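The following exercises practise the reading of a protein model. Each task is followed by a solution in steps.

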Amino acid sequence: MKIKLLIFFFFVITSKTFSQNPPSMAMPSGDKEVLIEKLIEVCDYEAFLKTYCYKKIDKNAQQNNWSAEYVKKLKESVQLKYFKSTILNTLSFYSTEELNDLVEIYTKINNRKKNNKQLIINDIILSNLENFSESILLGKYIL
């Protein structure tokens with residue numbers, strides 16, 4: 001009996017010792033956060049997010065014969081506030097100087113192209129965008 005008890009405690013202690021939580025998301029602060037917020041505005045991530053998700057919603061609505069009311073609810077649930085942490089996290093790895101340069105460059109480019117804004121997309125943003133749009137289609141953000 002003592003051996004079984006010892007083995008049990010051994011497994012409990014070692015399982016707690018070796019289990020670790022994943023690291024928390026990197027989030028910017030101070031000047032970096034202000035610059036990233038400016039970049040989000042200059043690149044109009046909100047319009048991009050809505051356009052991307054609306055196209056997915058419309059395609060799935062047609063394929064699945066969703067009602068106009070349900071489509072409207074899904075489209076209303078597409079909000080930048082639910083996706084913004086991905087952008088903040090991804091861009092937080094840039095230095096303040098790099099963020100200043102990006103804001104300057106994208107401001108110049110996007111002031112010339114009113115209807116076709118350029119923005120930063122990388123593997124992380126793209127992957128999270130795909131996951132976000134799938135969650136939207138499942139109705140997870142409907143209030």
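**Exercise 1. Describe the sides of helix α3.**

Task: Determine which residues of α3 are buried and which, on the other side, are exposed.

Step 1. On the other side of α3, Lys55, Lys59 and Gln62 are exposed. Here exposed means over 50% relative accessible area, buried means under 20%, and partly exposed lies in between (1.4 Å probe, protein chains only). Helices (H or I, at least four residues) and strands (E, at least two) are DSSP runs, numbered from the N terminus.

Step 2. The buried residues of α3 are Tyr45, Leu49, Cys53, Ile57, Asn60 and Ala61. They lie on the same side of α3 because they cover an arc of only 110° around the axis; the arc is that of the directions from the helix axis to the C-beta atoms.

Step 3. The cover over these buried residues includes α2 (31-43), α4 (68-77), α5 (84-91) and α7 (123-137).

Step 4. The helix itself spans residues 45-64, which is 20 residues. From first C-alpha to last, α3 reaches 28 Å, close to the 28 Å expected at 1.5 Å a residue. The expected span is 1.5 Å times one less than the number of residues.

A note on the model: it is predicted, local features need pLDDT of at least 70, side-chain atom pairs count only at pLDDT 80 or more, and totals for chains, interfaces and linings use all residues. Residues are numbered from 1 along each chain as its sequence is written, and side-chain values use heavy atoms, with hydrogens and water left out.

**Exercise 2. Examine the residues beside α3.**

Task: State where Asp44 and Asn65 lie, and give the sign of phi for each.

Step 1. Most residues other than glycine have a negative phi.

Step 2. Asp44 is placed in the loop between α2 and α3. Its phi is positive, near 55°. Asp44 counts as partly exposed because its relative accessibility is 30%.

Step 3. Asn65 follows α3 and belongs to the loop between α3 and α4. Although Asn65 is not a glycine, its phi is positive, at about 55°. With 69% relative accessibility, Asn65 counts as exposed.

**Exercise 3. Classify the aromatic pairs.**

Task: Decide how the rings of Trp66 and Tyr70, and those of Phe83 and Phe132, are arranged.

Step 1. Begin with the rule. Rings of Phe, Tyr and Trp (its six-membered ring) pair if their centres lie within 6.5 Å; planes under 30 degrees apart count as stacked, over 60 as edge-to-face and the rest as tilted. By this rule there are 5 aromatic pairs.

Step 2. The ring centres of Trp66 and Tyr70 are 5.3 Å apart and the planes stand at 85°, so this pair is edge-to-face. Trp66 is partly exposed at 24% relative accessibility, and Tyr70 is partly exposed at 27%.

Step 3. For Phe83 and Phe132, the centres are 5.5 Å apart and the planes are at 50°, so the pair is tilted. This pair links distant parts of the chain, since Phe83 is in the loop between α4 and α5 and Phe132 is in helix α7, 49 residues apart. Both Phe83 and Phe132 are buried.

**Exercise 4. Trace the surroundings of Tyr82 and Ser133.**

Task: Which residues does each of the two touch, not counting residues up to four places away in sequence?

Step 1. Contact means heavy atoms within 4.5 Å. Tyr82, in the loop between α4 and α5, touches Ser77, Phe132, Tyr141 and Leu143.

Step 2. Tyr82 also forms one aromatic cluster with Phe83, Phe132 and Tyr141. The C-alpha atoms of Tyr82 and Tyr141 are separated by 8.4 Å, although these residues are 59 residues apart along the chain. Tyr82 is partly exposed, with a relative accessible area of 26%.

Step 3. Ser133 lies in helix α7 and touches Tyr52, Cys53 and Lys56. At a relative accessible area of 1%, Ser133 is buried.

**Exercise 5. Summarise the whole protein.**

Task: How many helices and strands are there, and what percentage of the residues is buried?

Step 1. The protein has 7 helices and 0 strands.

Step 2. Of its 143 residues, 28% are buried.

Step 3. Among contacts between residues at least 6 apart in sequence, 80% join residues at least 24 apart.
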